[in-house]
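Work through the following exercises on the ligand site and the backbone of the structure shown below. Each task is followed by a solution in steps.

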Amino acid sequence: PRSTAGSAGMRKAIHRRIIALRNTVWYRHRVAARLAVVAVAVLVVYVAAFRGSPEPSRRTRAQIVDRVQRLSRLNKAARKLTNSLRKSLAHAKARLASPPSPSPPDDVISQPLSQQENFRQGVLPVPPLPLGGDRWDGRVNKVGGRDPEKLEAIRGAFRLAWGGYSKYCYGEDELRPLSRTCSNWVHMGLTLIDSLDTLWIMGLKDEFHKAKRWVANELPVAPNEKVSFFESTIRVTGGLLSAYELSGDPVFLEKATQIQANLDQAFQDTEIGMPVSEINLKTGEGSLPGWTGKSLILSEIGTNAVEMLKLSQHTKKMEFANYAERVIDFLDQLETPVKGLYPSLISPKNGRPTSRRVSFGGMGDSWYEYLLKSWLLSSRQVDKYKRMYVETLQAIKTNMIKKSNGRIYLPTMEGTFTTRLMEHLVCFMPGLIALGSAEGVNQGRSAEDLRLAEELMDTCVEMYDMSESKLAPDSVRFSNQGMVIDKREFRLRPETVESLFYLWRITHKQKYRDAAWMIFQAMDRNCRVAGVGHANVKDVNDPSQKEDRMESFWLAETLKYLFLTFEDDSVIPLNKYVFNTEAHPLEKIPEQEMQVILSSLHGA
Ligand code: DMJ
């Protein structure tokens, strides 16, 4: 029989053993080490209790009592240890699943903004809403008016790019401005279709009518090629629908309907009924991208409600709206760690998230955008869209907005941890939040939302101001030194000028027009390829290095939003139109027509 001193010695030995184990393997194999420690602890308890036990017949009463007491003490200690290890294990698992962000620099708020600067409790002074209240009727203060000089300069840049495209690549997808060659990836005259409504808005009617003839006679509606379901929907269907509404010519609607019907074959190819990434418009063969591990991408499956609702309104064919509703319902019922924030990647087989990344940039952005825009397009008829948008807005405020050197930003999240990266793509958010605030989507909180939008807008403008060329890098990182360049290239993207357009229309603060003008000049100065168009810049601090690419959104979005910023508010007024994610303006659906769609969807 062992003495009490022996038992204490043994407990110490167990303790020493555990510490030693922790120190040797802890940081290399955290999860395995914790499991091993639990197993060893349990084993030791039982060995201690039974090893070398004398025959019961030879035990004295005192020895038996002592043994039972020791056993119960050891059991208790083991239980305590197991519990604490179980907790650590759960914690370690969570950390392994989402890599920790680097330790926060001193000046960066690592708590959610709502805990630091509580918008809800009105700790911060909020500016009065210039438009007078929660329900915006689209009327605005007429303090701006049009600025003919700036409009002419922007139209000049558009004419240059359209001229180069027309001369070298008419009817093909994109112009490569440095080599003056063409590239095709959607195989449907992408730049031409994407530019139709800009031609109309800028008053280039001859060019518009020539392009219309190409659409009527030459646009292929079922090319034997794999094309992106998402890009074709937002650029081709969206562009054709907008051209239809602006000009009233039915040929655009006819082509949009045929193309989207072919694209919608993408819904047949996954077990869960969500659209695949790429679809051959002739054969209907679909595929998923290898780089996502064959997962579905949130923004790719979730950005079609605006175009689909429009098609159903105009054609009375409800299958379009049905597809959109299917996607929204699927994502609405998805279980996510934070309500309103959705995973970027989803399994096409079982519909479960395959990534814990949450982003308002690549892979996420336009899904969130369409929640608000579908609600507006439906003339506020679908509460679900509004509810989901407000959930997202609340989740951003509580979980995602960070502050660095006095500037707020909206980084990517990995699991429950936020990174310090923000993409240029995210810069559509100030405009979206401002639009929602002007429309009173978040009842009683319009003023705090507008303030959030304006602060984030400042950050996006600063992304341009920080570089030598005054062009924004494709992404930035927030560090001790403040904002620093992450991805150096400028890709003619629209998001910041898109937001400036909304902020200008909603607040009429001159600083938004000034920023838009500064950015336009930087774009035209640094990206211009004489006599041909504009090209991406490889390094915003050395704009002489260019990339041989001019994406269609340069003409569809960037130059259109810049132009409208200096136009009168009555040109594409925001009370009448909703812009799809490729800047194609589409009229809000009148209440009665929306009711027809809804009753068909819900079988009423
Ligand atoms: C555009 O094609 C669309 O705005 C899309 O939603 C994401 N961004 C690109 C341009 O940057």
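**Exercise 1.** State how many nonpolar, polar and charged residues the shell around the ligand has.

*Solution.* By class, the shell has six charged, three nonpolar and two polar residues. Here Ala, Val, Leu, Ile, Met, Phe, Trp, Tyr, Cys and Pro count as nonpolar, Asp, Glu, Lys and Arg as charged, and the others, Gly among them, as polar. The residues around the ligand are Arg235, Asp365, Ser366, Leu425, Arg493, Pro494, Glu495, Phe553, Glu557, Thr581 and Glu582; a residue belongs here if one of its heavy atoms lies within 4 Å of the ligand. The model is predicted: local features need pLDDT of at least 70 and side-chain atom pairs pLDDT 80 or more, while totals for chains, interfaces and linings use all residues. Residues are numbered from 1 along each chain as its sequence is written, and side-chain values use heavy atoms, with hydrogens and water left out.

**Exercise 2.** Which distances separate polar side-chain atoms of Glu495, Thr581 and Glu557 from oxygen atoms of the ligand?

*Solution.* For Glu495 the distance is 2.6 Å. For Glu557 it is 3.1 Å. For Thr581 it is 2.7 Å. The protein buries 92% of the 290 Å² that the ligand exposes when taken alone (Shrake-Rupley method, 1.4 Å probe).

**Exercise 3.** Identify the elements that give two or more residues to the shell around the ligand.

*Solution.* The ligand sits in the largest pocket. Two or more shell residues come from each of helix H13 (365-377) and helix H19 (553-565). Helices are DSSP runs of H or I with at least four residues, and strands are runs of E with at least two, numbered from the N terminus.

**Exercise 4.** Are Lys294 and Met363, each with a positive phi, buried or partly exposed?

*Solution.* Begin with Lys294, in the loop between strand S6 (286-287) and strand S7 (296-297). Its phi is near 65 degrees, a positive value in a residue other than glycine. Lys294 has a relative accessible area of 48%, so it is partly exposed. Buried means under 20%, exposed over 50%, and partly exposed in between (1.4 Å probe, protein chains only).

Met363 lies in the loop between strand S9 (357-358) and H13, with phi near 80 degrees. Its relative accessible area is 19%, and therefore Met363 is buried.

**Exercise 5.** How far apart are Asp329 and Lys384 in sequence and in space?

*Solution.* Asp329 belongs to helix H12 (residues 319-332). It is separated from Lys384 by 55 residues in sequence and by 9.3 Å in space, C-alpha to C-alpha. Asp329 counts as partly exposed because its relative accessibility is 34%.

Terms used. A polar contact is a pair of N or O atoms within 3.5 Å; within protein, one must be able to donate a hydrogen and the other to accept it, and residues adjacent in sequence count only if both atoms are side-chain atoms. On a 1 Å grid over the protein atoms alone, a cavity is a set of points where a 1.4 Å probe fits but cannot get out, and a pocket is an open set with protein on both sides within 12 Å along at least five of seven lines; lining residues have an atom within 4 Å of a point. A molecule sits in a cavity or pocket if more than half of its atoms lie within 2 Å of its grid points.
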